[in-house]
Amino acid sequence: MGRPKPRQTSLAEPLVAWFLTNAREFPWRDRPLEAERDPYRVLVSETMLQQTQASRVVDRFKRFMDRFPTAHSLAEADVDPVLELWSGLGYYQRARRLHEAARAVVNMGGWPSEARSLRELPGVGRYTAGAVASLAFGERTPAVDGNVARVLLRVRGEPGVLNEPATMKRVWVAAEELLEGTDLAASLVNESLIELGATVCTPASPFCPACPLRSGCVAFATNLQGTIPSPRKAAAKTVLHAASLIVFDDRDRLLVEQRPATGMWGGLWQAPTIETPRSLTAPRAAAAFGLAEAPERIGRFSLATSHRDVRFQVLTSRSPVSRQGAVWKSPRQIGRLGLSSAQRRILVEIAPTLVGQRVSSDA
DNA sequence: AACGCGGGGGT
DNA sequence: ACCCCAGCGTT
């Protein structure tokens, strides 16, 4: 009874010390690391990084900031060039919401500076609000993403399934307590946790010998680092069949259409495409496109998304095509549209090899 | 609580 | 094959 209950040594100090010497270079990671950042740069990068590995974001972020360096420049832009810059990155609603958020910031006459008000911007949830508030405005507030949740669960030796509300609630509390127990800047603590989760405390086979927290890590002490967090329930995957039609007019323009704003690839452009739950023969596809004669099938490929396998067949036709809402666009114009990876493949890679197979324009 | 929303990397 | 990823919004 003589000694007080030993207060757990703060993990923040060794964590941040590790981060300051091991932080990777990223275009959005301005130096010095403890300096407050431009909220717009933080929002753009954090939005791109949602459910997307950092290595995939680096070039996109540079291009995006080059084209839209400020919230004002983004707010003034049309949504189409925004989707063009997002092309291939996935989760395209992120781009639309980021665009809307920029307009909201301009309309409000400036940035909200607190996490609570940042959350009202479209596309800004609890994590992103915490990231912008701490990194750009120095607010002492956590930012818990999948990386941080994994690190904290392991350090504390708590079981849990990632992204389950009950798990995340506990982890957010743990992150708040970590910030309360140190005088270090919240921005440094938050980003250190993220970086540790991304590079050392990785989902499978973490590099515990390199971890600055290993001496205080319950999972490491009990050899549970490979089983925390518990795996999520596997999402069911369905198969979707799609047929896309490549058709040129006499000026080497391609017929394209815009997808509805909601749903998969919402608002993106595509070659005339039909989607069916079951496979479709080329003649059946021809009927669906209203073609007078069977199209020529020129290729097939599959594309795996999170909960779908999309099996594309690519067709070309020499007969006139009429397609409601479709328009002719030159290859140069198509390059400036928002395209999914599949449609980029079809319209940008495959189609140019077919120039010369023309039909009369009748769209 | 469950689901929709992309596409690619790692194992 | 399967897992996950600097998540968010809707139902």
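**Aromatic pairs, cavities and pockets**

F301 is buried, and F312 is buried too. That is how these two phenylalanines sit in this predicted model. The rings of F301 and F312 have their centres 5.2 Å apart, and their planes meet at 15 degrees, so the pair counts as stacked. The two partners come from distant parts of the chain: F301 belongs to strand 5 (residues 296–305) and F312 to strand 6 (residues 308–316), eleven residues apart. F301 also has a charged neighbour, since R345 lies over the face of its ring, at 4.1 Å from the ring centre. A similar arrangement turns up at W269, where K329 lies over the face of the ring at 5.5 Å from its centre.

By the ring-pairing rule, the count of aromatic pairs comes to six. One of them joins W28 and F61 edge-to-face, with 5.7 Å from centre to centre and 85 degrees between the planes. This pair, too, ties together distant parts of the chain: W28 is in the loop between helix 1 (12–22) and helix 2 (39–49), while F61 is in helix 3 (residues 54–67), 33 residues away. Are W28 and F61 buried or exposed? W28 has a relative accessibility of 7%, so it counts as buried. F61 has a relative accessible area of 1%, so this residue is buried as well. Add F26 to W28 and F61, and the three form one aromatic cluster.

Next come the enclosed spaces. Searching the whole structure turns up three cavities of 30 Å³ or more. The largest cavity holds about 100 Å³ of space. Its lining is made of 15 residues, and those closest to its centre are R154, C201, C208, C211 and C217. Helix 9 (residues 146–156) gives the most to this lining, with three residues. Sorted by class, the lining of the largest cavity has twelve nonpolar residues, one polar and two charged.

The second largest cavity contains about 40 Å³ of space. W28 shows up again here, lining this cavity along with R37, R41, V42, S45, E46, L135 and E191. Helix 2 provides the largest share of that lining, four residues. What classes of residue make up the lining of the second largest cavity? There are three nonpolar, one polar and four charged residues.

The open pockets come last. The largest pocket has a volume of about 1200 Å³. It is lined by 38 residues, of which L49, Q51, D145, G146 and N147 are the closest to its centre. Several helices give two or more residues each to this lining, namely helix 2, helix 3, helix 8 (126–137), helix 9, helix 10 (165–180) and helix 11 (186–199). The lining of the largest pocket splits into 14 nonpolar, 13 polar and eleven charged residues.

For the second largest pocket, the volume is about 800 Å³. Of its 33 lining residues, L89, G90, Y91, Y92 and W265 are the closest to its centre. At least two lining residues come from each of helix 2, helix 6 (93–107), strand 5 and helix 15 (341–350), and the largest share, five residues, comes from helix 6. By class, the lining of the second largest pocket has twelve nonpolar, 16 polar and five charged residues. Which domains supply the lining of this pocket? Both domain 1 (12–221) and domain 2 (238–354) do, with at least three residues from each.

Key:
Residues are numbered from 1 along each chain as its sequence is written. Chains are lettered from A and ligands numbered from 1 in the order in which they are written. This is a predicted model: local features need pLDDT of at least 70, side-chain atom pairs count only at pLDDT 80 or more; totals for chains, interfaces and linings use all residues. Side-chain values use heavy atoms; hydrogens and water are left out. Rings of Phe, Tyr and Trp (its six-membered ring) pair if their centres lie within 6.5 Å; planes under 30 degrees apart count as stacked, over 60 as edge-to-face and the rest as tilted. Buried means under 20% relative accessible area, exposed over 50%, partly exposed in between (1.4 Å probe, protein chains only). A charge sits over a ring if NZ of Lys or CZ of Arg is within 6 Å of the ring centre and within 35 degrees of the ring normal. On a 1 Å grid over the protein atoms alone, a cavity is a set of points where a 1.4 Å probe fits but cannot get out, and a pocket is an open set with protein on both sides within 12 Å along at least five of seven lines; lining residues have an atom within 4 Å of a point. Grid points are joined across faces, edges and corners, and a volume is the space filled by probe spheres set on the points. Ala, Val, Leu, Ile, Met, Phe, Trp, Tyr, Cys and Pro count as nonpolar, Asp, Glu, Lys and Arg as charged, and the others, Gly among them, as polar. Domain bounds come from an automatic or database domain assignment.
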